[in-house]
Amino acid sequence: MSRLKSSERRMKLILMLQESKKRLTVDELAETFGVSRRTIFRDFNVLSEINVPVTWDKYSGYGVMDGYKVPPLMFTAQELATIMVGLNFVKSQVDKQLVDDAKGVELKIKNTIPDELKEFMDSLDDRTVVDPFLHFGHQKKEGGNWYLVSSAISQSKSLGFRYQSKGDNEVTQRIVDPYLLVFYRDHWNIIGFSHKRDAIRNFVLDRMDEVKILDKKFEQKSQIDVEGLIFGSNESGQLIEVYVQEPVDRAFRANLPTKIFKEKAISNKKIKVSFKFENLDYINEWLLQFGDKVEIVSPNVLKKKREKILNSMLESL
């Protein structure tokens, strides 16, 4: 760990003692913080002077008295700046509820921190802009009850709701075991086990209605493969191959809504990228943002979809 100011080190020392499931020795703490044993002993003296109930056992080391909790909001300026970046990112999104919740968190923090940090926070608020095109360019909308879904996930309980499919607008009753809550650029999604389809499926929250947590627990896996759940729905999709030119290569890789499993250099300025995707209509519209810098190689059905949408655009001129 890099060198810290003494006040920061002592705060982290309290948190370590509070959160550790075992006592910690002076040697362990000195190694963790990259300081001498003498410095750690000096830190313990300071903690004693400010009435932190540090306990000691000659066989196992140091801890804090059971039930002691460090005051919850004690931030360094750098930590507060990090929080501001996160809050400003959330406030830039199009989900109105998410924006309102972020503003609520910001207000609570401002009401509990010292005046000098409050001034620091205010100075950053209007001058730290994350994703300005979303922040200024989109009208906020309701994105679905993500909090209710997150509550179901935390309790490992199934969700019941009415769902309107995008393709044919059919409304069906669904029961889902929610595994993951994912926020894409402008909407929330649940990824979970659909009882109707007997498979893992993705559901968009703003197409869900009459959502309720059911009194039915599902078996939670010991560790969820988050990456596998997010990208797994495309593994059974169609193989798509495209040529990507150098000017858009970086943006293409960063934003492609699935995993690239193969790529090959065609020239110094062009690569061939292969991936799988299930929803061809969606990926067709997504690829159009790159104009002629991305060329579809296969499948032919995707080429035809591109021709159709381009012809429709030309006819509207």
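Two residues are in contact here when heavy atoms of theirs lie within 4.5 Å. Keep that cut-off in mind while following the tour through this predicted model.

**The whole chain**

Start with everything displayed. The chain has 317 residues, of which 33% are buried. Colour by secondary structure to find 12 helices and 11 strands. Of the contacts with a separation of 6 or more, 58% are between residues 24 or more positions apart. Switch on the surface: the chain exposes about 20200 Å², and carbon and sulfur atoms supply 51% of that area.

**Stop 1: the largest nonpolar core**

In soluble globular proteins, nonpolar side chains tend to be buried together. The largest such core in this chain has 18 residues. Select Val-242, Phe-252, Phe-275, Ile-283 and Leu-287, the members with the most contacts inside the core. Then show the elements that give two or more residues to this core: strand β8 (238-245), helix α10 (246-255), strand β10 (270-277), helix α11 (280-288) and strand β11 (294-298).

Next, centre the view on Phe-252. Which residues is Phe-252 in contact with, leaving aside its neighbours within four places in sequence? They are Val-242, Val-244, Ile-260, Val-273, Phe-275, Trp-286, Leu-287, Phe-290 and Val-294.

From that list, pick Phe-290, which sits in the loop between α11 and β11. Is Phe-290 buried or exposed? Its relative accessibility is 9%, so Phe-290 counts as buried. Measure from C-alpha to C-alpha between Phe-290 and Phe-252: the separation is 8.1 Å, for two residues 38 positions apart along the chain. With neighbours within four places in sequence set aside, Phe-290 touches Val-248, Ala-251 and Phe-252.

**Stop 2: from β11 into α12**

Move along to Ser-298 and Pro-299. The peptide bond joining them is cis, with omega about 5 degrees. Pro-299 is in the loop between β11 and α12 (300-315).

Continue into helix α12 and select Lys-304. This residue counts as exposed because its relative accessibility is 57%. Add Asn-284 to the view; its C-alpha atom is 9.9 Å from that of Lys-304, and the two residues are 20 apart along the chain.

**Stop 3: helix α8 and its cover**

Go back along the chain to helix α8, residues 146-155. Show the side chains of Trp-146, Val-149, Ser-151, Ala-152 and Ile-153, which are the buried residues of this helix. Now display what lies over them: the cover includes α5 (96-110), β3 (157-164), β4 (171-183), β5 and β7. After α8 comes Ser-156, with a positive phi near 55 degrees.

**Stop 4: two more positive phi values**

Two of the covering strands lead to the next selections. Find the loop between β5 (188-194) and β6 (199-204), and pick Asp-198 there. Phi of Asp-198 is near 55 degrees, a positive value in a residue other than glycine. Asp-198 has a relative accessible area of 60% and is therefore exposed.

Then select Glu-210 in strand β7, residues 208-217. Glu-210 is not a glycine either, yet its phi is positive, at about 55 degrees.

**Stop 5: helices α1 and α3**

Turn to the early part of the chain and show helix α1 (residues 6-19) with helix α3 (residues 37-49). Two packed helices are described by the angle between their axes and the distance between the axes. How do the axes of α1 and α3 cross, and within what distance do they come? They come within 11 Å and cross at roughly 80 degrees. Angles of 65 to 115 degrees count as roughly perpendicular, and α1 and α3 are therefore roughly perpendicular to each other.

To see the contact itself, select Arg-9, Arg-10, Leu-13, Ile-14 and Leu-17 on α1, then Thr-39, Asp-43, Phe-44, Val-46 and Leu-47 on α3. By class, these are six nonpolar, one polar and three charged residues.

**Stop 6: Tyr-62**

Finish at strand β2 (residues 61-64), where Tyr-62 lies. Tyr-62 is buried because its relative accessible area is 13%, and the cut-off for buried is under 20%. Apart from neighbours within four places in sequence, Tyr-62 is in contact with Leu-17, Arg-23, Leu-24, Val-26, Phe-41, Phe-44, Val-54, Thr-55 and Trp-56. Leu-17 and Phe-44 also belong to the contact of α1 with α3. The C-alpha atoms of Tyr-62 and Leu-24 are 5.1 Å apart, with their positions 38 residues apart in sequence.

Note on methods:
Residues are numbered from 1 along each chain as its sequence is written. This is a predicted model: local features need pLDDT of at least 70, side-chain atom pairs count only at pLDDT 80 or more; totals for chains, interfaces and linings use all residues. Side-chain values use heavy atoms; hydrogens and water are left out. Axes are lines fitted to C-alpha atoms, for helices over the stretch in contact, and angles run from 0 to 180 degrees between N-to-C directions. Helices (H or I, at least four residues) and strands (E, at least two) are DSSP runs, numbered from the N terminus. Angles under 35 degrees count as roughly parallel, over 145 as roughly antiparallel, 65 to 115 as roughly perpendicular and the rest as oblique. Ala, Val, Leu, Ile, Met, Phe, Trp, Tyr, Cys and Pro count as nonpolar, Asp, Glu, Lys and Arg as charged, and the others, Gly among them, as polar. Buried means under 20% relative accessible area, exposed over 50%, partly exposed in between (1.4 Å probe, protein chains only). Accessible areas come from the Shrake-Rupley method with a 1.4 Å probe; for residues, only the protein chains shown count as cover. A nonpolar core is a set of buried Ala, Val, Leu, Ile, Met, Phe, Trp, Tyr and Cys residues joined through side-chain atoms within 4.5 Å.
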